[in-house]
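Please open the model in your viewer and keep the sequence panel beside it, since this tour moves from one selection to the next. At each stop, make the selection first and then read what is there.

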Amino acid sequence: MNYQFKHHSVLLEKSMDALIIDRCGIYIDATFGRGGHSAEILARLNSQGKLIAIDRDQAAIDYANENINDIRFKAVHSNYSEIREISNTLNVTGKIDGILVDCGVSSPQLDDASRGFSFAKDAPLDMRMDQTQNLTAELWINEASESEIADTIYNNADERYSRKIAKAICIERAKKRIKSTLELAEIVKQSIRHSGPTHPATRTFQAIRVHINAEYSSLTKMLEGAVDVLKVGGRLVMISFHSTEHLIVKRFIQLNRPGNENLKRGLQTPTVPRLKRIGRVVRPSLVEMRQNTRSRSAQMRIVEKIA
Ligand SMILES: C[S@@+](CC[C@H](N)C(=O)[O-])C[C@H]1O[C@@H](n2cnc3c(N)ncnc32)[C@H](O)[C@@H]1O
């Protein structure tokens, strides 16, 4: 394999130890990125093993096809929310030994200014992971209502100044269309009082990115499909980064594991529990956190399909 990756894969060793239960099994890396986890999965499989990698970003899939030349490997350009359909098409439903999900954006997406995810450099406000979709951050920020912008920034990133920020955005866009990352970052900066090391637009950018890419609804749909495509005994290993992602994963596990604790909160426990938890929440070591700042908020949860 002619292979180099430029993304520090989070919890690499621990996620592999949790995921690979059978060296000749079939695995899905639902978030290929630059293939750090995929490369390690392939390294641990024997010649019988198979790996299907999914990414909604065509640049990630191009990277996979250019750099991984391995008959055990297949890259699919799709939203992972379509995991059931992908598995049906590839005729592997119910045969999957393990699925890995490493949520969020990759370093190359953040580092490529033209993608518009970051305000570190000036760029068009894009923020689409899948560049074939129509909705960009520029379209949305100039057309959504003030209340929708405020709610989105509050709900997706717990930004307490969401109303002030939304108001400032609407005042500024009435004068001139907001087109670039730095324009938006500056509007946010001017609209709120801020202190501390984090840029005041950090939460706003995160919230808009989550919205443009419908990240939370995709995650919810993928988790539901993932249980169907796993075989009994197969594992789902999920690495999440933000409080809402953690919550979606936690609720999903609670809803599907044995016990009736959900009934107390008015949630419906499925009649047949489908998952059991393997171990506790895993976090990166201090060394990893120091080496890779992105890993600091990471939480890994592992479940096994039991029915
Ligand atoms: C954090 S990176 C994954 C990094 C990867 N584990 C590695 O080691 O290189 C997340 C990747 O998942 C992709 N992604 C995020 N949400 C997705 C979704 N709903 N469907 C498919 N891919 C998604 C992003 O495009 C990005 O490339």
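How many residues of domain 1 are in contact with residues of domain 2? Before answering, bear in mind that this is a predicted model, and colour the two parts separately: the domain assignment gives domain 1 as 12-108 + 215-305 and domain 2 as 131-212. With both parts coloured, look at where they meet, and you will find that 6 residues of domain 1 are in contact with 5 residues of domain 2. On the side of domain 1 that touches domain 2, the elements that give two or more residues are helix 11 (215-229) and helix 12 (243-256). Sorted by class, this side of domain 1 has 2 nonpolar, 3 polar and 1 charged residues. If you then place a marker at the C-alpha centre of each domain, the two markers will lie 30 Å apart.

**The sheet**

Next, show the strands, and trace an open sheet of 7 strands whose order is 3-2-1-4-5-7-6, with mixed pairing. Which strands stand at the edges? They are strand 3 (73-77) and strand 6 (275-277), and because each has a single partner strand, one side of each is left without a neighbour in the sheet. As you rotate the view, notice also that the twist averages 20° from one strand to the next.

Now select strand 1 (residues 26-29) together with strand 2 (residues 50-55), which run parallel and are joined by 4 bridges. Within this pair, pick Asp-29, and you will see that Ala-53 in strand 2 stands opposite.

**Strand 5 and its partners**

Move along the sheet to strand 5 (residues 230-240), where 8 of the 11 residues are buried, so this strand is largely enclosed by the rest of the structure. For that count, a residue is called buried if 20 or more other C-beta atoms lie within 10 Å of its own.

Add strand 4 (residues 96-102) to the selection, and follow the 6 bridges that join strand 4 to strand 5 in a parallel arrangement. As an example from this pair, Val-101 has Met-238 in strand 5 as its bridge partner. Then add strand 7 (residues 299-305), which pairs with strand 5 over 6 bridges as well, but in the antiparallel sense. Here the residue to pick is Ile-239, whose bridge partner in strand 7 is Met-300.

Keep these strands visible and bring back helix 11, which lies across strand 4, strand 5, strand 6 and strand 7 and runs at about 150° to strand 5.

**Two helices that cross**

For the next stop, select helix 7 (residues 146-157) and helix 10 (residues 202-212), whose axes come within 8 Å and cross at roughly 95°. The two helices are therefore roughly perpendicular to each other, since angles of 65 to 115 degrees count as such. To see where they touch, show the side chains of Thr-152, Ile-153, Asn-156 and Ala-157 in helix 7, which meet Arg-203, Thr-204, Gln-206, Ala-207, Val-210 and His-211 in helix 10. By class, this contact has 4 nonpolar, 5 polar and 1 charged residues.

**Some single residues**

Finish with a few residues taken one at a time, beginning with Met-127 in the loop between helix 5 (107-111) and helix 6 (137-143). Is Met-127 buried or exposed? Met-127 has 26 other C-beta atoms within 10 Å, so it counts as buried. The backbone here deserves a look too, because phi of Met-127 is near 70°, a positive value in a residue other than glycine.

Compare this with Asn-91, found in the loop between helix 4 and strand 4. Asn-91 also has a positive phi, of about 60°, although it is not a glycine, yet with 7 C-beta neighbours inside 10 Å Asn-91 counts as exposed.

Go back along the chain to Thr-89, which lies in helix 4 (residues 83-89) and is exposed, with 12 other C-beta atoms within 10 Å. If you draw a distance from its C-alpha to that of Glu-304, you will find the two residues 24 Å apart in space and 215 residues apart in sequence.

The last selection is Glu-13 in helix 1 (residues 12-19), an exposed residue with 11 other C-beta atoms within 10 Å. Draw one more distance, from Glu-13 to Glu-40: these residues are 27 apart along the chain, and their C-alpha atoms are separated by 8.6 Å.

Definitions and conventions. Residues numbered from 1 in each chain as written. Predicted model: local features only at pLDDT ≥ 70, side-chain atom pairs only at ≥ 80, totals over all residues. Pairing = 2+ DSSP bridges. Domains from an automatic or database assignment. Contact = placed C-beta atoms within 7 Å. Nonpolar A, V, L, I, M, F, W, Y, C, P; charged D, E, K, R; others polar. Axes fitted to C-alpha atoms, helices over the stretch in contact; angles between N-to-C directions. Parallel < 35°, antiparallel > 145°, perpendicular 65-115°, else oblique.
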